[in-house]
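The exercises below are meant to be worked with the sequence and the coordinates side by side. Each task is followed by a solution that proceeds step by step.

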Amino acid sequence: MPGPQTLLSSGRLAALLLILCAALPLRADEERFSLQGFATLGASRSDSRELEFVRDLSQARGIGREWSAKIDSLAGLQTGWRLTRTLEASAQLVSRYRYDRSYVPELTWAYLKYEPWPMLSLRAGRLGTDFFMLADSRMVGYSYPTVRPPGDFFWHLPFSSIDGADLSLSRSLGDDVLRGKLFYGTTTARLPLAREHWDISGSAMAGGYLDYQSGAWQWRAGYAALRFSRDLPLSGLLAPLLPPAQLASTLAYLKTSGRRAGYYSLGLVHDRGPWLLQWMLNRIEQESAVFESSHAASFLLAYRSGSLTPYFGYSLARSSPKRERPSPLIDRIMADSHVDQRTTTLGLRWDFARNTALKLQWDGIRASPSSLFPFRNDPSSGQWSGRMNVYSLTLDYVFR
Amino acid sequence: MMRRCLFLPLLGLALLWPGSFPHAELVVVVNVRSGVSAMTRNEVINLFFGRTRVFFNGLEAQVVDLQDTHPDRGRFYRALVGKDLADVNAYWSRQLFTGRLQPPPQLRGSEEVLRWIVDHPGGIGYVDLRHADARVRVVFELGH
């Protein structure tokens, strides 16, 4: 006959066993669900009365001389679900200022990942693209030293995800690691254009890169090809200005559907001790008549001392005007895709608390008067002074 | 997460661990049956940053880390790559939010790390040299 004492302790033992049983299959390496997020609260202004500065071409309006939280503030939430040892599902939602001037959250990632063995990964679904080094973490401010990725390098790349699949394979070569990735899919982006937007979703995209890591050095060479699915929404804009016959030929000349764009890039990162050095080059080749082919370079040097990381950056972008100029109107439209500018960046990152960083940054943009592509609210004259200073303050946060 | 919160205090109760000599040497330790007897610094970096996920002999590595609040974590990354913890956490947030890698599980203390390594054939972690006993094999020494 068990006494009350024994009953109580066997109850305790059962509770203990229950806790242990519940805990055992869930060793820390086998956590099934995860929830993590990132956020940036930003404030920025420029000193330009002429045009508006944007973070990238997906933003409908930019900032002017008043402080604004618009271009850099965002919030993202991600969940992960480990189905088996080799199969994992994940989804990410991000709310940020968009092409339609709203902050409606967008599904930026949603995929299934299958890793049949440790050095091979296959993913399918909605995926970020990183054929330009670091392009797939552009929204996670906490993950890089600067306030935002270098504009001269990245604003060409308004699309950040594809619906498709990718395959990556790594291989150790002694102390070094070689990694390759291939992807195929269709883009999901919409770009603002005057009062309308250009839906480039459904544009087929394929590409890949090779990445070589040797000690503190990392090299990357990437390529991607895009075929635009649709024409620019220009007919509404041009119809009142042109007689029907001329309208048709003008629209045919400015056709983008079926035209290709090629993205070449090289990147080099040195990351060891207090120093971080990043150097990237890209070349974008545009087949359509309306966009100019361009190249860009960016350089960043950062030095960490305790919780402070001062940094210096320099970037440039230049496009080559097309030789053919069939009419003044077409010329004016094509002039909108011209870029010729340099940006000097100075800033300070302060990691004042765990998973939280405060950043202060100055960007000095010096451009040719016709460098209009990266900006919004272009002056009707098609020219501007070519000098702009941008002041930014951001607070980045991640939780996991 | 909830369950881990219950599990770890139980472990912690079972094993009260003295740890108050902050200047002893840190060592990288592996499971004694892993077939690994020594590693280079770059091999250790490659595994702890998820660049490779297997040992030279093809065995899948199961890396284990310490929680941010544990003083050995900061010492380890400073000695290994000269990086502050904020840099290491920024690196992992990039891997995590781009769906490439999950950061290694972070345990509370050296005894949990040793148990993990005993339980996982590919287990690899770091502990203070004083805690590295016969249950594990030292494959790399980080110096003071």
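**Exercise 1.** How many residues of chain B are in contact with how many residues of chain A?

*Solution.* This is a predicted model, in which local features need pLDDT of at least 70 and side-chain atom pairs count only at pLDDT 80 or more, while totals for chains, interfaces and linings use all residues. Residues are numbered from 1 along each chain as its sequence is written, and chains are lettered from A and ligands numbered from 1 in the order in which they are written. Taking two residues to be in contact if their C-beta atoms, placed from the backbone, lie within 7 Å, one finds 30 residues of chain B in contact with 39 residues of chain A. On the chain B side, α1 (2–14), α2 (41–48) and α4 (85–97) each supply at least two residues, and the largest share, 8 residues, belongs to α4(B). Sorted by class, this side of chain B has 10 nonpolar, 10 polar and 10 charged residues, where Ala, Val, Leu, Ile, Met, Phe, Trp, Tyr, Cys and Pro count as nonpolar, Asp, Glu, Lys and Arg as charged, and the others, Gly among them, as polar.

**Exercise 2.** Describe the secondary structure of chain B, and then the setting of strand β1(B).

*Solution.* With helices (H or I, at least four residues) and strands (E, at least two) read as DSSP runs numbered from the N terminus, chain B has 5 helices and 6 strands, in the sequence order α-β-α-β-β-α-α-β-α-β-β. Two strands pair if DSSP finds at least two bridges between them. Strand β1(B) is joined by 5 bridges to the antiparallel β5(B), residues 123–128, where L26(B) stands opposite D128(B). Another 5 bridges join β1(B) to β6(B), residues 136–141, also antiparallel, and there V27(B) has E141(B) as its bridge partner. A residue is buried if 20 or more other C-beta atoms lie within 10 Å of its own, C-beta atoms being placed from the backbone; 6 of the 6 residues of β1(B), residues 26–31, are buried, so this strand is largely enclosed by the rest of the structure.

**Exercise 3.** Where in chain A is confidence lowest, and where is it highest?

*Solution.* On the pLDDT scale, the predictor's confidence in each residue from 0 to 100, chain A averages 89, and 92% of the residues score at least 70. Confidence in chain A is lowest in helix α1(A), residues 4–23, at a mean of 42, and highest in strand β18(A), residues 356–367, at 98. Over residues 1–29 of chain A the pLDDT is below 50, and this stretch has 15 contacts in the model beyond near neighbours in sequence.

How values were computed. Buried ≥ 20, exposed ≤ 12 C-beta atoms within 10 Å, placed from the backbone.
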